[in-house]
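Colleague: Hi! Could you walk me through this one?
Modeller: Happy to, let's pull it up.

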Amino acid sequence: MIFTNFREIDGAGRIVISKDIRNHLNIKAGDVLHIEADNDCITIKKAEQKCTFCNSSENLKCLMGKYVCSKCIDELNK
Ligand SMILES: [Zn+2]
């Protein structure tokens, strides 16, 4: 299924991702999106939600745009 929308950018550079696309991709408030641009195209992808260090997908927190699991956070704090 392909979703296509036309959206206006507001004065702060924000766009709204429509509810049907958010529901389709299970995007919730607080999720991190990866935005990539080349010459004339912008691609927005749901960021892979795995720990940057161990690839775990459990107990993740987003730190500075990177996911880190609670176990690795404990290791980093030692
Ligand atoms: Zn980890």
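Modeller: One term before we start: two strands pair if DSSP finds at least two bridges between them. And keep in mind that this is a predicted model.
Colleague: Good. So which residue in β4 does Lys-61 stand opposite?
Modeller: Lys-61 stands opposite Val-68. Lys-61 belongs to strand β3, residues 60–63, which is joined by four bridges to β4, residues 66–69, and the two run antiparallel.
Colleague: How many residues sit between β3 and β4, and what about Met-64 in the turn?
Modeller: The hairpin has two residues between its strands, and Met-64 has a positive phi of about 50°.
Colleague: And how do β1 and β2 pair up?
Modeller: They are antiparallel as well, with five bridges. Glu-36 has Thr-43 in β2 as its bridge partner, and the hairpin connection runs through four residues.
Colleague: Is β1 buried or in the open?
Modeller: Largely in the open, because zero of its five residues, 33–37, are buried. Over the whole chain, buried residues make up 5% of the 78.
Colleague: Changing topic, what's the overall pattern?
Modeller: It reads α-β-β-β-β-α along the sequence, with two helices and four strands.
Colleague: Where are the domains, and how far apart are their centres?
Modeller: Domain 1 covers 1–47 and domain 2 covers 49–78; their C-alpha centres lie 25 Å apart.
Colleague: What's the radius of gyration against a compact globule?
Modeller: The chain has 16 Å, whereas a compact globule of 78 residues would be near 12 Å. The C-alpha trace spans about 50 × 25 × 20 Å along its principal axes.

Key: Residues numbered from 1 in each chain as written. Predicted model: local features only at pLDDT ≥ 70, side-chain atom pairs only at ≥ 80, totals over all residues. Domains from an automatic or database assignment. Buried ≥ 20, exposed ≤ 12 C-beta atoms within 10 Å, placed from the backbone. Rg over C-alpha atoms; globule rule 2.2 N^0.38 Å.
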